[in-house]
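Reader: Please pick out the strand pairing and take me through it closely, partner by partner. After that, tell me how the part you start with ties in with the rest of the chain.

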Amino acid sequence: MMIRCLAEFNVPVDKLVLFASPRSAGAHLYFIDQPVPVLALEESSLLQRFDYVLFSAGAGIARTYAPVATTAQSVVIDNSSGFRQEPHIPLIVPEINGDLIQGYEGIIANPNCSTIQLVLPLAILHALYGLKKVVVTTLQSVSGSGNSGIQTLLNQRKGNPDKGEYPDVIDLNVIPQIGALLDNGYCKEEEKMHFETRKILSLPDLEVCATTTRVPVIYGHSISVYAEFERQTSIPEAEAALRTAPSIVYHANSYFTPKDIDDSNDSHISRLRHGTDRHSLCFWNVGHNVRLGAATNAARILIAHAVFAGRM
Ligand SMILES: NC(=O)c1ccc[n+]([C@@H]2O[C@H](COP(=O)([O-])OP(=O)(O)OC[C@H]3O[C@@H](n4cnc5c(N)ncnc54)[C@H](OP(=O)(O)O)[C@@H]3O)[C@@H](O)[C@H]2O)c1
């Protein structure tokens, strides 16, 4: 998906090198119409300088290899949670805090998938009303666990009871846990959403409470959002702001579901309404987790950095 996004966004790529595990070495992927061989990743591969290195191989691989790439002065954009909590590493959604990477060299962290689609509308509403508190429940698709999550669901649909990476059967079910359960009662994905929402919006004291669930959907994460604000909100004013915001599609008289997501790169908002009073808003939010929640945002980070650097 990352190389599809680079092509779709017309990133002028002179040379593309693809790495994966030794399992995939020798395979070919297509960039536009050109076959590109997949190489097994080794430390030495990253000692050559690339303008940009995009990682999407999990936190362990990123922690091992991303620092190697930065010694060769490559700018690294990492999809994993490996560096997001490091205070000196920018955690970027370009529409919100892209200015942080002007002139920056090093590792740039791509946020958690659900958090990206959530913070886009929250940033718009925060600018209008001053965000105080956010309570969300997510319904996250199996592709959020990578290709293996998709295979687990498809195999269960064919009658194979193997739970794969999930703590319970996912077919015809909803699992209220993503990532390890922690001593404080939250799970890892919920803690990621708490921390990353505050960091991206530069609101260290924001009250955030997430419940993250896994649902038997292939692509597209959904979030039920309740948000409280300092100032009184207005539905027509919020609608107007969301309608014109970049990377957001506002649906006034209909709602949007993961089945509608196709190749969308936007955060979809529908069912906007007041919460318990005029200081609060509720809405339904859907985004493509592999696009907006991962590859699209990574490509947008690359483009923002390249524009600042005069490469695009
Ligand atoms: N899926 C999402 O919605 C999403 C959204 C945001 C962030 N993320 C994050 O992105 C990261 C990757 O997730 P994914 O969904 O893309 O997972 P995935 O489908 O499992 O893909 C993982 C990739 O990493 C490669 N890899 C594994 N071990 C490697 C090694 N030793 N050296 C080099 N490459 C290696 C795999 O290559 P092989 O094919 O050869 O095994 C594969 O290409 C995770 O940290 C995840 O949390 C995912």
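Author: Let's settle the vocabulary before anything else: two strands count as paired if DSSP finds at least two bridges between them. Strands (E, at least two residues) and helices (H or I, at least four residues) are DSSP runs, numbered from the N terminus. Keep in mind that this is a predicted model, where local features need pLDDT of at least 70 and side-chain atom pairs count only at pLDDT 80 or more, while totals for chains, interfaces and linings use all residues. Residues are numbered from 1 along each chain as its sequence is written.

Now for the small sheet. Three strands make up an open sheet in the order β4-β5-β6, and their pairing is parallel. β4 (52-55) and β6 (107-109) sit at the edges with a single partner strand each, so each has one side with no neighbour in the sheet. On average, neighbouring strands here are turned by 20 degrees against each other, ignoring direction. For these angles, axes are lines fitted to C-alpha atoms (for helices, over the stretch in contact), and the values run from 0 to 180 degrees between N-to-C directions.

Zoom in on β4 and β5 (residues 75-78): they run parallel and are joined by four bridges. One pair to click on is V53, whose bridge partner in β5 is V76. α2 packs on this sheet and touches β4, β5 and β6, with its direction at about 160 degrees to that of β5. Contact means that the C-beta atoms of two residues, placed from the backbone, lie within 7 Å. α8 also lies across β4, β5 and β6, and runs at about 155 degrees to β5.

Those two helices turn up again around the ligand. The shell there has 23 residues, and the closest are S21, S24, A57, S80 and G146. Two or more shell residues come from each of β1 (18-20), α2 (59-71), α5 (147-157) and α8 (291-308). To be in the shell, a residue needs its C-beta atom, placed from the backbone, within 6 Å of the molecule. By class, the shell holds nine nonpolar residues, 13 polar ones and one charged. In that count Ala, Val, Leu, Ile, Met, Phe, Trp, Tyr, Cys and Pro are nonpolar, Asp, Glu, Lys and Arg are charged, and the others, Gly among them, are polar.

The ligand shell also involves both domains: domain 1 (2-111 + 294-308) and domain 2 (114-288) each give it at least three residues. Those bounds come from an automatic or database domain assignment. Between the C-alpha centres of the two domains there are 25 Å. Where they touch, 11 residues of domain 1 are in contact with 13 residues of domain 2. On the domain 1 side, α3 (94-97) and α8 each supply at least two of the touching residues, and α3 gives the most, with three. That side breaks down into four nonpolar, five polar and two charged residues.

There's a second sheet to go through as well. It is open too, with six strands in the order β8-β7-β9-β12-β11-β10 and mixed pairing. Its edges are β8 (207-214) and β10 (248-250), each of which pairs on one side only. Neighbouring strands in this sheet are turned by 20 degrees on average, direction ignored.

Working inwards, β7 (residues 131-140) runs antiparallel to β9 (residues 221-229), with eight bridges between them; V134 stands opposite A227 in β9. β9 then pairs with β12 (residues 280-287), again in the antiparallel sense and over eight bridges, and E228 has S280 as its bridge partner in β12. Next, five bridges hold β11 and β12 in an antiparallel arrangement, with S270 partnered by W284 in β12. A hairpin of five residues takes the chain from β11 to β12. Finally, β10 runs parallel to β11 (residues 267-274) through three bridges. I248 is opposite S267 there, and Y250 is bridged to I269. Helix α6 (residues 188-201) lies across β7 and β8, at about 140 degrees to β8.

Zooming back out, the chain has eight helices and 12 strands. Its radius of gyration is 20 Å, close to the 20 Å that the globule rule gives for 312 residues, so the chain is as compact as a globular protein of that length. That radius is taken over C-alpha atoms, and the rule is 2.2 Å times the number of residues to the power 0.38. Along its principal axes, the C-alpha trace spans about 60 × 55 × 40 Å.
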